[in-house]
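Colleague: Can you walk me through this one? I'd like the helix packing, then the odd spots.

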Amino acid sequence: MDSMGSKMQLAALALAIVSSPGLGAEVYLAPEKFLAESFGASPPKPSILWIAGDTRDAVERILGHSAGALRVRYWSQEGRTAWILEETGKTEPITTGIVVDRGAIARISVLVYRESRGWEVRYPFFTDQFKGATLNAMRELDRNIDGISGATLSVRALTRLARVALLLDAKVREAKSSR
Amino acid sequence: MNDVHFTPTKEQKNARLDTPGSRNGMLGLIVWHRRLGLVTAVIVLLLAVTGVLLNHANRFGLDQVQVTANWLLRWYGFPPVEKPLSYRVGDYWVSWTGSRLYLEDKPVMRTNTAPVGAVAATGEMLSVAFPDMLVVVGPNSDLVERMGAESLPGKLERIGITDRGMLVVATAQGFFTADANFIAWQPASMQVKWSRSEEAPPALFERLSTAQRGRGLSVERLLQDLHSGRIVGSWGPWFMDAAAVVFVILAITGINYWWTRRGRMPVFPKPNGDRRKDE
């Protein structure tokens, strides 16, 4: 029985190691599920926003590096826009879903995490800080986001993504109001 | 009282050098001079050749020429370049190697996942399919868009093109085709020419290798390391320092020999037999 018990413990340990967020890509929430949770059973069809000109400059100022793809898709319904964006924490991209409701963040969720440490940013005690956040004139968040020890780079990455999502949402609303 | 100056004549000098003790000492010195000279000759040649080349490295363009010998690159610690997974798309090659996607030899994006195919369906844009991602690339290797699983009809197994130029993807749920912006996917049942990987041309492989290794190892750098001894590691410069000390010893013993034997026939010691008989 002892032998069986120790084998079970070893198997449990092995499972814990394999499923540890620190090893490889960890899908916390499938992007399709994120959209379904954000918009209900039938999410809207995606739209495309080109990241060019002033928008690209502004995105690159926030990120501190190239904006990457020339266009990004978003989902929009009744004043809410959802964005699935990626930003590197230390070495690997963090896939993040962000819902913006009339210029304020309604939800931010870590969808796929690939870094070896810093996965604590997925937890609501951290992500809830973004709820209601808006951009000020300097394109900074209107509030301070408390960091997490050992997850500084992931915290910064998520903060940058929140600012980018708010900026892109503003561009979408600008385009709609000018039509 | 006048000092008495004694100046030895040439014969007296030669007689003094011809004493058994001095002859043995001189002959020993000559033997060691020759041995050290022989041993260090290779290093002298190496230093001379590399020194001349380094002096004119810019003129010869040696700072631009890259070393391509894999064994040398491995010696320098350059990681081995993986053979790329390549797809021919019209006149272009899309390749994936070293966790990067390339259009020709220009990097497009980083991804740890291998593509399953690439086609040109929408104008000049190329579409590269991954199991959980579809990437649109511009002709200048610009990343136009990266669509995740949420924008796809399922896990992509293959990508192809119809006779009419329509893009089709194969998933476990069947074949699907999309509009130009991949907004809506529709089931499809048509003849498809699927994208298949091909071996990249050797010239492209070389360019991809260079792209992965950055500027790599120039011939000038190799010559510098050969000249300084650093090519063999941290102890190389110490070895070259020791060789330099030997060169100094050779110079001193050579000058000494020449000075003491000046005006006389050179002595060529033989390894055996009575050297006196040879004079």
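Modeller: Start in chain B. H6(B) and helix H7 (residues 236-260) of chain B pack at an angle of about 55 degrees, with their axes 8 Å apart. Axes here are lines fitted to C-alpha atoms, for helices over the stretch in contact, and angles run from 0 to 180 degrees between N-to-C directions. Helices (H or I, at least four residues) and strands (E, at least two) are DSSP runs, numbered from the N terminus.

Colleague: Before we go on, what am I looking at, and how are things numbered?

Modeller: This is a predicted model: local features need pLDDT of at least 70, side-chain atom pairs count only at pLDDT 80 or more, and totals for chains, interfaces and linings use all residues. Residues are numbered from 1 along each chain as its sequence is written, chains are lettered from A and ligands numbered from 1 in the order in which they are written, and side-chain values use heavy atoms, with hydrogens and water left out.

Colleague: Back to that pair. How are H6(B) and H7(B) oriented to each other?

Modeller: They are oblique, therefore neither of the named extremes applies: angles under 35 degrees count as roughly parallel, over 145 as roughly antiparallel, 65 to 115 as roughly perpendicular and the rest as oblique.

Colleague: Which residues meet there?

Modeller: From H6(B), B:Leu226, B:His227 and B:Ser228. From H7(B), B:Gly236, B:Pro237 and B:Met240. Contact means heavy atoms within 4.5 Å. The contact residues split into three nonpolar, three polar and no charged. For those classes, Ala, Val, Leu, Ile, Met, Phe, Trp, Tyr, Cys and Pro count as nonpolar, Asp, Glu, Lys and Arg as charged, and the others, Gly among them, as polar.

Colleague: Which residues of H6(B) are buried?

Modeller: B:Glu220, B:Leu222, B:Leu223, B:Asp225 and B:Ser228, in a helix that spans residues 219-228. Buried means under 20% relative accessible area, exposed over 50%, partly exposed in between (1.4 Å probe, protein chains only).

Colleague: What follows H6(B)?

Modeller: B:Gly229, with a positive phi near 90 degrees.

Colleague: And on the other side, where does B:Ser218 sit?

Modeller: In the loop between helix H5 (202-213) and H6 of chain B. B:Ser218 counts as buried, at 12% relative accessibility. Leaving out residues up to four places away in sequence, B:Ser218 touches B:Leu62, B:Asp63, B:Val65, B:Gln66 and B:Val67.

Colleague: Switching to aromatics. How many pairs are there over all chains?

Modeller: Seven, from a search of the whole structure. Rings of Phe, Tyr and Trp (its six-membered ring) pair if their centres lie within 6.5 Å; planes under 30 degrees apart count as stacked, over 60 as edge-to-face and the rest as tilted. One of the pairs is B:Phe182 with B:Trp185: centres 5.9 Å apart, planes at 35 degrees, so tilted. B:Phe182 and B:Trp185 are both buried. Another is B:Trp235 with B:Phe239: centres 6.4 Å apart, planes at 85 degrees, so edge-to-face.

Colleague: Is B:Trp235 buried or exposed?

Modeller: Exposed, at 51% relative accessibility. B:Phe239 is partly exposed at 44%.

Colleague: Now chain A. What is its make-up?

Modeller: Five helices and six strands. From the N terminus the order is α-β-α-β-α-β-β-β-β-α-α. Of the 179 residues in chain A, 46% are buried.

Colleague: At what angle do H3(A) and H5(A) pack?

Modeller: About 165 degrees, with axes 9 Å apart. H3 covers residues 53-63 and H5 covers residues 152-178. H3(A) and H5(A) are therefore roughly antiparallel. H3(A) gives A:Thr55, A:Ala58, A:Val59, A:Ile62 and A:Leu63 to the contact, while H5(A) gives A:Arg160, A:Arg163, A:Val164, A:Leu167, A:Leu168 and A:Lys171. That contact has seven nonpolar, one polar and three charged residues.

Colleague: You promised odd spots. Which phi value does A:Arg139 have?

Modeller: Near 60 degrees, positive in a residue other than glycine. Most residues other than glycine have a negative phi. A:Arg139 lies in the loop between helix H4 (124-127) and H5 of chain A. A:Arg139 is partly exposed at 32% relative accessibility.

Colleague: And B:Ser141, what is its phi?

Modeller: Positive too, near 70 degrees. B:Ser141 is in the loop between strand E7 (133-137) and strand E8 (143-147) of chain B. B:Ser141 counts as buried, at 11% relative accessibility.
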